[in-house]
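User: Please take me through the reasoning behind some of the labels used for this model.

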Amino acid sequence: MRMIFVGPPGAGKGTQAARLVEHFAIPHISSGDMLRAAVKEGTALGVEADGYMKRGDLVPDAVVIGMIVERIGKADAATGFMLDGFPRTRPQAEALDVALTAAGVKLDAVVLLEVPDSLIVERIVWRRTDPDTGTIYHLKFSPPESDEIAARLQQRKDDTEEACINRLSKYHGETAPIVPFYEAQGILRRVDGVGAPDEITARLLTSLQH
Ligand code: AMP
C-alpha cells in the first residue's frame, strides 16, 4: 500500500495515521515529524525550517522534496508507505510523481480527511503530545489517563491560535490545489473526519478496501 494522507491541520491525521500504518504494516512518513526532529537536533535543515514552522508558514518546496524523496528511497519503504503532510503544494505533488515514476511505482490511494474550518482551531489549541509515547491528546475531548502523563505533556510551538489560522489559510491556498490533481488520476478518496476516533478509523479502512 502506497498512500498519501491529506487534510487540514488538526483534522486528526496524526492519530489516524498511527492506526493505519499499523494495520497495513507500512512506515509512517510524516514531513512535519521529520522537520520537528531536524529542528530538535539542530541540523542545517532544521535551522532553516524552524522560523517557517513557528509562524505556520510552509517550508520551501526544495527543502521538503529532497528530504521526502530521500526517505521514500529507503529499504523499509520499498513495498509501501504512508505519506502524511506531504505533498502540501502542487510542485511537491508533481515532484513526487516524477520520483515515483522514476522508481517504477504508483500510488494506490490519496485519502482526504475532511473537517470543517469551524472545528479546527478548537481541536488544535487544546492539542497536547506525550513526548514519551507520541500519543496525541485533546485536553477537553481526549484527556490523558493519569496526572503523571498530564504533567509531561507538551504543546507544539505552532499550535497557537495565530499560527493555526495561518496554517489553515496556507492549507486552503497551497494544499487544497493538490486535490484535483489526484482526483484527475482517479485515486482520491474523501473521508468525513468528524466523529469519534474509532468511527473515523472504520471509515478510513472502508475507503481503502476498494
Ligand atoms: P504538520 O506536522 O504536518 O502539521 O507540519 C508542521 C509544519 O511543518 C507545517 O506548518 C510546515 O511549516 C512544515 N511542513 C510540514 N510538511 C511540509 C511540507 N510538505 N511542505 C512545507 N512545509 C511543511
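User: Why is F181 counted as buried or exposed?

Analyst: Buried means under 20% relative accessible area, exposed over 50% and partly exposed in between, with a 1.4 Å probe and protein chains only; F181 has 13% relative accessibility, so F181 counts as buried. Y182, at 0% relative accessibility, therefore counts as buried too. Please keep in mind that this is a predicted model, in which local features need pLDDT of at least 70 and side-chain atom pairs count only at pLDDT 80 or more, while totals for chains, interfaces and linings use all residues. Side-chain values use heavy atoms, leaving out hydrogens and water, and residues are numbered from 1 along each chain as its sequence is written.

User: What makes F181 and Y182 an edge-to-face aromatic pair?

Analyst: Rings of Phe, Tyr and Trp (its six-membered ring) pair if their centres lie within 6.5 Å, and planes under 30 degrees apart count as stacked, over 60 as edge-to-face and the rest as tilted. The rings of F181 and Y182 are 5.0 Å apart, centre to centre, with 80 degrees between the planes, and the pair is edge-to-face. The structure holds 1 aromatic pair.

User: Why is L113 called buried or exposed, and where is L113 placed?

Analyst: L113 has 0% relative accessibility and therefore counts as buried; its place is in strand β4, residues 109-114, where strands are DSSP runs of E with at least two residues, helices are runs of H or I with at least four, and both are numbered from the N terminus. Leaving aside neighbours within four places in sequence, L113 is in contact with residues including F5, V191 and L204, contact meaning heavy atoms within 4.5 Å.
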